[in-house]
Amino acid sequence: MRVLITGGAGFIGSHLAEFHLERGDEVHCVDDLSTGTLENVAPFREYPTFRFDRAEILTWEGLSEALSQVDRVYHMAAVVGMFRVLAEPEAVLATNVAGTERVLRYAAEGGAKPRVLVASSSEVYGPVGTHRLDETDGLLVHCDTAKTQWNYALSKLAGEALGITYSGSFGLPVTIARLFNTIGRRQSGRYGMVVPRFVQQAAVGEPITVFGDGLQTRSFCNVEDTVRALHLLCGSEAAEGEIVNVGNDRSITIIDLANLVRELAGSGSPVVFVPDSEAYYRGFMGIRHRKPALDKLKRLVDFEPEVTLEDTIADLLAAKRPAVEGAGATG
Ligand SMILES: NC(=O)c1ccc[n+]([C@@H]2O[C@H](COP(=O)([O-])OP(=O)(O)OC[C@H]3O[C@@H](n4cnc5c(N)ncnc54)[C@H](O)[C@@H]3O)[C@@H](O)[C@H]2O)c1
């Protein structure tokens, strides 16, 4: 199989690349390295079936040709992370809406019509939801009160609409994956992701900073489970033209998460609270709960999350240890 991954040097994109390379597939990654890194894809250079282009999805001249040569596309390139979303509201719309439109249009125009997976996000569900969020739920956006905070959710919703439209109008086999929080190695904590930030803070003995009251809940899925679900969805004809939640339905409060990381790290880091208005800005609308209903995913494909939150955190701490010990030794 030949696979194109946009955002292939990013967190989830690089795990998708690794998964397919290990299966013996040809993998072509494209990434502008805005948040992704060459380090993420460096180990793949030893595969003769791996190819990487540093390019911007909105302007890349090789896009049409690349799409004509593959069986499958994972469209992962996006401006992500709440810090980046707040700092670059225009880039969020340009990359996430116009970039997605360009990928879908070129894929539909070519003769080959590859299988396309568009990465959406649980952010489209908005601030509501104490229940398991289901694909049939109505969606709510607070543009007037929280302003550009919602650009990310809106851009992902537009990407969904584009995917569904290209599927219905042009027969392009598209599946939309609404990804819930995904965690694992290679995820950066720089742009507001909570688990890598807690792991880093616990590993070096700094205070673990909980934003808000810590009673908000999230559901975390190991990236290897996520990648398996995305691969299975792309192999399912029944998933064509569908929007599907992808994640793990075990939920945890952020304060419990902080304590779990602290305990697994054997760290003496204190847990401290930072108001949302300080972490982000005054008027920031925190999201209370995020838990996926996985009924549709499980109906479409044979999927069950396999990696526990404890095992993922332990793995992240193990990956941090050499760097922390190295820093201690030199300084
Ligand atoms: N990680 C999560 O928990 C999560 C949750 C919901 C949705 N998603 C979605 O999954 C996808 C991958 O996210 P991730 O967590 O791996 O983030 P990431 O930032 O690691 O990956 C995105 C990649 O896209 C690249 N990119 C950004 N703009 C680009 C452009 N204009 N042209 C080319 N490349 C560009 C970045 O350099 C990066 O490598 C995104 O679409 C994101 O919205 C992720």
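Student: In this predicted model, is Arg186 buried, partly exposed or exposed?

Tutor: Arg186 is found in the loop between β7 (182–183) and α8 (194–204). Although Arg186 is not a glycine, it has a positive phi of about 80°. Its relative accessible area is 28%, and partly exposed residues fall between the 20% limit for buried and the 50% limit for exposed. Arg186 is therefore partly exposed.

Student: Where does Lys113 lie, and what is its phi?

Tutor: Lys113 is located in the loop between α5 and β5. At 32% relative accessibility, Lys113 counts as partly exposed. Lys113 is not a glycine, yet its phi is positive, at about 45°.

Student: Which residues are closest to the ligand?

Tutor: The ligand is surrounded by 29 residues. By class, this shell has 14 nonpolar, 11 polar and 4 charged residues. The closest residues are Phe11, Asp31, Thr35, Glu56 and Tyr152.

Student: Which element supplies the largest share of the shell around the ligand?

Tutor: At least two shell residues come from each of α1 (11–22), β5 (115–121) and α7 (151–170). The largest share amounts to 3 residues, and the element that supplies it is β5.

Student: How far is an oxygen atom of the ligand from an N or O atom in the side chain of Tyr152?

Tutor: Polar atoms of the backbone also approach the ligand: one of Gly10 is 3.1 Å from a ligand oxygen atom, and a backbone N or O atom of Asp32 lies 3.2 Å from a ligand nitrogen atom. For the side chain of Tyr152, the partner is an oxygen atom of the ligand, and the distance is 2.6 Å.

Student: What percentage of the ligand's accessible area does the protein cover?

Tutor: On its own, the ligand has 820 Å² of accessible area. The part of this area covered by the protein is 94%.

Student: Is the pair formed by Phe44 and Phe50 stacked or edge-to-face?

Tutor: The whole structure contains 3 aromatic pairs. In the pair of Phe44 and Phe50, the ring centres are 5.6 Å apart and the planes stand at 75°. Phe44 is buried at 2% relative accessibility, and Phe50 is buried at 10%. Because planes over 60 degrees apart count as edge-to-face, the pair of Phe44 and Phe50 is edge-to-face.

Student: What is the angle between the ring planes of Tyr166 and Phe170?

Tutor: Tyr166 and Phe170 both lie in helix α7, 4 residues apart, which is about one turn of the helix. Tyr166 counts as buried at 10% relative accessibility, whereas Phe170 is partly exposed at 45%. Their rings are 5.0 Å apart from centre to centre and form a tilted pair, with an angle between the planes of 35°.

Student: Over which ring does the charged end of Arg197 sit?

Tutor: One charge placed over a ring belongs to Arg178, whose charged end sits over Tyr125 at 4.9 Å from the ring centre. The charged end of Arg197 is 4.0 Å from the centre of its ring partner, which is Phe211.

Student: What distance separates the C-alpha atoms of Leu93 and Leu154?

Tutor: Leu93 lies in helix α5 (residues 89–109). Leu93 is partly exposed, with a relative accessible area of 37%. Along the chain, Leu93 and Leu154 are 61 residues apart, while the separation of their C-alpha atoms is 8.3 Å.

Key
Residues numbered from 1 in each chain as written. Predicted model: local features only at pLDDT ≥ 70, side-chain atom pairs only at ≥ 80, totals over all residues. Heavy atoms only, no water. Near = heavy atom within 4 Å. Polar contact = N/O pair within 3.5 Å; in protein donor to acceptor, adjacent residues only side chain to side chain. Areas by Shrake-Rupley, 256 points an atom, 1.4 Å probe, with all protein chains shown as cover. Nonpolar A, V, L, I, M, F, W, Y, C, P; charged D, E, K, R; others polar. Phe/Tyr/Trp six-rings, centres within 6.5 Å; stacked < 30°, edge-to-face > 60°. Buried < 20%, exposed > 50% of the residue type's maximum accessible area, 1.4 Å probe, protein only. Lys NZ or Arg CZ within 6 Å of the ring centre and 35° of its normal.
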